[in-house]
Amino acid sequence: CKKFTFYDPKNKVKVTPENTVELSERILTQWRMKAELHRTDTIFIELGDDFAYTKKEFIADIYDNYTPLMNYINSEPSLNTQVKWGTVTEYFDHVRAHGVDKIPSLSGDFFTYADKEADYWSGYFTSRPFYKNLDRMLESALRRTEILFSFSHLHSRLEDLLSARHALSLFQHHDGITGTSVKKVVNDYGRILHNAYQKCNEITVQAIKHLLNHDTLFSPVMNRVIFNDYDRYEVLRGFKELILVNTLPRDIQSVKLVAVQADSTFAIQKEDGGYVEQQVEPRIEYGTVILDSNYVVFEAAAPSVSLKTYQMEPIMNPKAVLAKVQLYNTDAQIAEGMKNNFKTKHYHTETCSDVVLGFK
């Protein structure tokens with residue numbers, strides 16, 4: 001009951017001689033309702049919330065206001081109740097002393113959480129998935145940034161790194177990553193996480209530039225693209241250096257996508273000059289086929305804790321292959337555009353009304 005959060009500045013209710021009886025009977029009614037859920041005549045009442053004991057003034061407000069209520073309840077025989085300050089240990093000692101030898105315990109799955117009568121909170125595993133994913137993105141980016149920061153000694157960006165750490169820890173609140181905050185708070189979390197993610201990427205770029213050639217930290221390197229598992233890149237043109245960052249203590253292999261112009265030819269080369277096997281595929285973004293650009297797909301590898309560089313040049317790659325595309329119930333313009341660039345098969349079915357593409 002909000003009236004009994006005496007430490008809350010918004011609560012104007014304080015215990016006085018005039019309202020002691022009324023407030024005592026009201027709080028006792030709440031306690032008796034809780035007592036119906038217990039097997040013994042002794043119950044344990046927790047006082048306060050997240051911020052109730054953060055200041056000594058709050059503690060005094062709780063003690064000074066509850067003490068008169070407890071004194072009145074204890075002195076009134078008709079209420080048949082005794083109230084005292086106590087600890088968890090004292091509660092269990094009292095329960096055992098009144099004939100409960102073995103206190104039952106519950107183990108296993110405690111979900112789903114229910115509030116009040118029929119308000120079940122089952123969505124915190126899946127609610128607001130965008131923010132849950134953003135949390136994982138920031139966690140991954142922060143780890144990568146911390147390792148690169150330690151190698152490159154970018155002391156000028158230390159405050160930004162600490163700010164990103166704070167943002168990630170802030171979102172671990174039980175109403176943050178669970179998605180159970182009100183809308184304005186969620187929006188604020190999103191802003192904080194996004195800013196931290198951007199700072200991590202900025203530090204990563206500067207660290208890599210410093211580690212690769214020790215040039216001026218803020219000088220632009222226009223022909224470099226740093227792979228990030230969560231980013232989608234703009235369409236690349238001309239010569240580019242593709243940099244794979246591996247901050248893990250083991251070798252990695254992963255498939256990478258590079259968006260290129262549909263009417264251009266590109267080859268991916270390793271550091272030793274050899275060509276990488278690559279496949280050209282249609283570019284599909286959020287269910288939309290983009291005809292003026294394609295994806296070049298190749299397998300990248302990097303040793304543990306390393307930077308691996310690949311070169312993308314506008315030349316023919318003898319190891320490049322075109323994807324075979326199967327189209328189902330596809331728009332005629334899309335089908336014609338696909339036909340110009342890929343080996344396609346076009347199907348019409350009555351059971352499927354949407355555009356479906358399969359390629360290998």
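**Figure 1. Accessible surface and overall make-up of the protein chain.** The protein chain has an accessible surface of about 23,000 Å², and carbon and sulfur atoms hold 54% of that area. The model is predicted. Its protein chain contains seven helices and 13 strands. Of its 360 residues, 35% count as buried. Among contacts with a separation of 6 or more, 63% are between residues 24 or more positions apart.

**Figure 2. The salt bridge between E46 and K34.** A search of the whole structure finds eight salt bridges, and one of them pairs E46 with K34. The closest N and O atoms of this pair are 3.3 Å apart. K34 belongs to helix 1 (20–35), whereas E46 sits in the loop between helix 1 and helix 2 (56–75), so the salt bridge ties together parts that are twelve residues apart in sequence. E46 is exposed, with a relative accessible area of 53%. K34 is partly exposed, at 27%. In general, side chains of opposite charge can pair when their charged atoms come close.

**Figure 3. The salt bridge between D160 and K199.** In this pair, the closest N and O atoms are 3.9 Å apart. The salt bridge links distant parts of the chain, 39 residues apart: D160 is in helix 5 (residues 158–170) and K199 is in helix 6 (residues 183–213). How accessible is D160? D160 is partly exposed, because its relative accessible area is 21% and the range for buried residues ends under 20%. K199 also counts as partly exposed, with a relative accessibility of 25%.

**Figure 4. The salt bridge between D188 and R191.** The side chains of D188 and R191 form a salt bridge, with an N to O distance of 2.6 Å. Where do the two residues lie? Both D188 and R191 are in helix 6, and they are three residues apart, about one turn of the helix. D188 counts as partly exposed, at 33% relative accessibility. R191 is partly exposed as well, at 47%; a residue has to be over 50% to be called exposed.

**Figure 5. A network of salt bridges.** Which residues are joined into one network by salt bridges that share partners? They are R157, D160, K199 and E202. The D160–K199 pair of this network is the salt bridge with closest N and O atoms 3.9 Å apart.

Key:
Residues numbered from 1 in each chain as written. Predicted model: local features only at pLDDT ≥ 70, side-chain atom pairs only at ≥ 80, totals over all residues. Heavy atoms only, no water. Helix = DSSP H or I, 4+ residues; strand = E, 2+ residues; numbered from the N terminus. Buried < 20%, exposed > 50% of the residue type's maximum accessible area, 1.4 Å probe, protein only. Contact = heavy atoms within 4.5 Å. Areas by Shrake-Rupley, 256 points an atom, 1.4 Å probe, with all protein chains shown as cover. Salt bridge = Lys/Arg side-chain N within 4 Å of Asp/Glu carboxyl O.
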